[in-house]
Each structure stands twice: as structure tokens, then as C-alpha cells.
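Colleague: Got a minute to walk me through this one? I'd like to start with how the chain is divided up.

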Amino acid sequence: MDLAAAARERGIKYFLISFADLFGTLRAKLVPAAAIAQMQAEGAGFAGFAAWLDMTPADPDVMAIPDPDSLIQLPWKPEVGWLAADPWMAGKPVEQAPRVVLKRAIDAAAAQGLAMQTGVECEFFLISPDGSAIADAADRQAKPCYDQSALMRRYDVITEICDAMLELGWHPYQNDHEDANGQFEMNWRYAPALVTADRHAFFKYMVKSIAEKHGLRATFMPKPFVDLTGSGCHAHVSLWRAEQNVFADPTGELGLSGLAYQFIGGVLAHAEGLCALTNPTVNSFKRINAAVTTSGATWSPNTITYGGNNRTHMIRIPDAGRFEFRLADGAANPYLLQAGLLGAGLDGLAGRRDPGRRLDIDMYALGHTVTDARRLPLNLLDALRAFAADTTLTTALGAAFSDAYVKLKTQEWNAYARHLTQWERDTTLDC
Ligand SMILES: [Mg+2]
């Protein structure tokens with residue numbers, strides 16, 4: 001697609017050439033339509049060190065080359081066209097850039113004639129602009145999930161976002177109030193992994209932008225309030241060969257094929273390392289491994305287990321032909337989430353991995369009876385160490401990415417560890 005022509009046809013005055021760095025932050029240049037032809041060919045220039053890309057101030061320009069297929073006119077400002085871009089440097093794609101990492105994983109699957117389709121369920125809170133409390137003071141039920149009144153008090157915001165998705169052709173199909181006070185979820189149809197990753201990145205930006213328009217603030221922080229259910233980002237996964245879903249098998253256990261179970265076996269085998277990507281912040285570990293919330297359940301996993309239509313395990317098989325990965329949270333980088341799942345799953349196929357036995361028990365109530373269930377990492381540092389030690393996963397995602405990610409995230413952990421908390425003072429002053 002010729003972007004200059006698209007600008008003329010659609011009334012686009014500016015393009016936002018955007019890429020997600022290793023921490024998931026969207027970095028962008030706002031480019032007038034008059035300059036887009038050159039940018040489409042050569043990319044928009046960035047100083048890589050200024051973003052989370054593990055570069056130095058001495059590195060040459062990063063050129064973000066927009067993918068025209070990703071073009072989205074901002075529904076709340078259609079004169080701006082958003083474009084997901086791939087960072088390049090010195091004539092080559094930046095190996096550690098998340099979108100480049102995902103495309104490499106997609107290519108590895110394509111080499112076997114396979115393509116992953118995925119849908120994400122992004123939970124978020126609507127909070128006060130200063131971030132201190134949920135925005136709706138009347139939203140106080142102990143079990144607030146699906147609360148009709150609390151949902152409808154946010155009708156204007158939720159429908160503005162849903163209308164936007166309808167217009168963009170994402171096929172949204174439901175919106176609800178989630179299990180925490182102030183928490184919502186909006187669902188749209190699954191798509192090929194790269195399409196969903198681009199939409200996921202854009203969705204987070206859109207929700208924050210539209211909330212702001214309404215005098216609110218939206219957050220995808222995994223656990224913004226300690227007593228309330230955290231924000232997950234469940235992913236529903238299937239694998240396709242051309243038009244055929246190869247996870248579907250009507251004769252298979254719960255309607256899943258042997259290939260699907262091998263893929264699940266791969267995700268389970270690499271879960272500790274995967275956690276560093278799908279639960280990438282210090283705060284992420286306050287959602288998983290959490291104490292029971294005021295609603296009665298955390299809805300997040302603690303163990304590396306799978307079950308049928310049962311929400312107490314890391315993987316749920318809700319239906320024939322797909323599984324739900326329940327580990328990821330709102331902080332997950334949209335590209336690394338999919339790349340990690342695909343990398344782990346493909347290893348499952350390569351090694352014909354056995355996922356072990358399915359558990360059909362309430363893991364929250366009876367988890368202690370399963371003595372051989374592996375536990376998820378308890379904090380970001382443990383997850384990073386597990387990731388660094390998982391050479392299958394680090395090789396699948398590329399050494400340049402894996403080294404950069406572990407380095408930058410370990411720096412983040414160290415910054416946190418140096419932070420003196422009130423809890424320490426309260427519990428240690430009188431030691
Ligand atoms: Mg949910």
C-alpha cells in the first residue's frame with residue numbers, strides 16, 4: 001500500500017510511526033503526510049539508546065520502517081494514521097526488537113507450514129487521574145464481576161472503544177465489568193498472531209487515550225490494588241495449516257489433537273522462563289501467587305498445570321480446537337507474549353512433548369494435594385533466571401533479544417531491590 005496515496009484518499013494529515021521497545025513502551029514519530037513517502041521507504045529515525053532496546057549513545061540511527069498493513073486511523077482523531085513499525089539499524093532488522101522477534105517466530109512456524117492464531121483478553125482498571133483509587137466510588141460490591149450497574153455507569157467510555165473496534169473491523173463481541181471493582185474487559189475476535197499483537201498494542205493505547213478524553217485514567221498494571229483481583233491478559237491459542245485448525249480433533253481428548261497436546265507440553269515445559277516475558281514486571285508477581293482477593297478468588301494461576309474448562313490452572317481447555325493461556329498479565333509486551341508462546345509451543349512439537357496428566361480439580365482449594373505440581377516463579381528475578389537458563393527458549397527467540405532482555409530487566413529488578421519500602425521499616429526498625 002502506498003501510504004502517500006492512502007493519506008490523500010482517507011484524509012490522513014499525520015502518521016504516527018510506532019514501535020514497541022523491550023518494555024512494551026510505544027515509541028513514535030509524528031510525521032506529516034507530505035513526508036510519508038520517504039519514511040515508508042527509509043523509515044523514521046530514532047536514537048536507540050533513548051528507548052529500551054539495549055543500545056548505546058554511540059550506535060547509529062534506528063530506522064523504524066512502517067508496516068502499511070498495520071495502518072489504523074485513530075478512531076478519536078481520524079486525521080492521524082497509526083503504523084506499527086519494524087526497527088532497522090545499519091541495513092538490518094534490529095534482532096532484539098519485539099516485533100522482529102515475533103516475526104522470526106512466525107517464520108519458524110511458517111517453515112513447517114503452520115500459523116498461530118490468537119485472541120487476547122486484556123483486563124484493565126478505570127481509575128482516578130492521579131492513579132490512587134478506582135474512578136467509580138459507587139463500585140463497591142464484594143463480588144463485582146458482571147455488575148450491570150457499574151458497567152452501565154461507564155457506558156460512554158466502553159461503547160466509544162467498542163464502536164471504534166467495530167469500525168476498525170476487529171469484530172468485537174462483548175464487554176463486561178470484571179472481577180475487581182473498577183475493572184473491565186472487552187473482547188474482539190482472534191486473528192493471526194502478528195495482527196493480534198499489533199491490535200493488542202494499539203488497544204492499550206486506545207483505551208488509555210479514550211479514558212483520558214473522559215477525564216479518567218486506564219491502567220493495565222497487573223495488580224494495582226492489593227486486595228482486588230489483578231489484570232490478566234489471557235491468550236486463546238490455535239495452530240493452523242492453511243485453512244485447517246490442526247489443534248481441532250473431534251476424536252481427541254476434549255476435542256484437541258495430539259499436536260495441540262504437544263504444543264501445550266511445550267508451553268508447560270518452558271513456563272518458568274516464559275513467565276519472564278508474560279509477567280514482565282515486579283508487580284506481575286503480586287497477581288500470580290497472590291492471596292485470595294475480596295471477590296473470593298484471584299483467577300490467576302500459581303502452578304504450572306493444565307485442566308479442562310477450569311479456571312484454576314495455568315492452561316484451560318475451554319472448548320475444542322484451542323487452549324487458553326491464563327498466565328500473562330496486563331504488562332505483557334504484546335509481541336513477546338505471542339513470540340514466547342509460539343517458541344515454547346514449537347519446541348513442544350519438535351520434541352513431541354507430553355503435557356502430563358490433566359488435573360480436573362479446583363487448584364485453589366486442592367492444590368496442596370498435588371505434590372508434584374511445579375510452582376510458578378515467585379518474583380521477577382527468579383523468572384529472569386529461569387528464562388536465562390532456558391536455552392531452548394532463548395535460542396528460539398534469538399540470543400540478541402534474550403541477552404538484551406535479561407540485562408535490561410535485571411537492571412529493573414536491581415532498581416526495585418534498592419528501593420527502601422515502608423514494609424521494611426515497619427518490620428525491621430525494631431530488629
Ligand atoms: Mg477476564
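Modeller: Sure. Keep in mind that this is a predicted model. The chain splits into domain 1 (3-90) and domain 2 (105-414).

Colleague: How far apart are the C-alpha centres of domain 1 and domain 2?

Modeller: Those centres are 27 Å apart. As for contacts, twelve residues of domain 1 meet 17 residues of domain 2.

Colleague: And what kinds of residues are on the side of domain 1 that touches domain 2?

Modeller: Nine are nonpolar, two are polar and one is charged.

Colleague: OK, new topic. Which residues have the most contacts inside the largest nonpolar core?

Modeller: Val-101, Leu-126 and Val-267, in a core of 120 residues. Helix 6 (residues 193-213) supplies the largest share of this core, with ten residues.

Colleague: Where does this core lie relative to the two domains?

Modeller: Between them, because domain 1 (3-90) and domain 2 (105-414) each give residues to the core.

Colleague: What does Leu-126 touch, leaving out residues up to four places away in sequence?

Modeller: Its contacts include Ile-134, Val-157, Phe-184 and Leu-216, and also Arg-154.

Colleague: Let's do strands. Which way do strand 8 and strand 13 run?

Modeller: Antiparallel: strand 8 (residues 115-127) is joined to strand 13 (residues 233-241) by eight bridges. Gln-117, for instance, sits opposite Ser-238 in strand 13.

Colleague: How many bridges join strand 8 to strand 10?

Modeller: Four, also antiparallel, with strand 10 covering residues 183-188. There, Phe-124 is opposite Phe-184.

Colleague: And strand 12, what is the bridge partner of Ile-127 there?

Modeller: Arg-217. Strand 12 (residues 217-219) pairs with strand 8 over three bridges, in the antiparallel sense.

Note on methods: Residues numbered from 1 in each chain as written. Predicted model: local features only at pLDDT ≥ 70, side-chain atom pairs only at ≥ 80, totals over all residues. Domains from an automatic or database assignment. Contact = placed C-beta atoms within 7 Å. Nonpolar A, V, L, I, M, F, W, Y, C, P; charged D, E, K, R; others polar. Core = buried A, V, L, I, M, F, W, Y, C linked by C-beta atoms within 7 Å. Buried ≥ 20, exposed ≤ 12 C-beta atoms within 10 Å, placed from the backbone. Helix = DSSP H or I, 4+ residues; strand = E, 2+ residues; numbered from the N terminus. Pairing = 2+ DSSP bridges.
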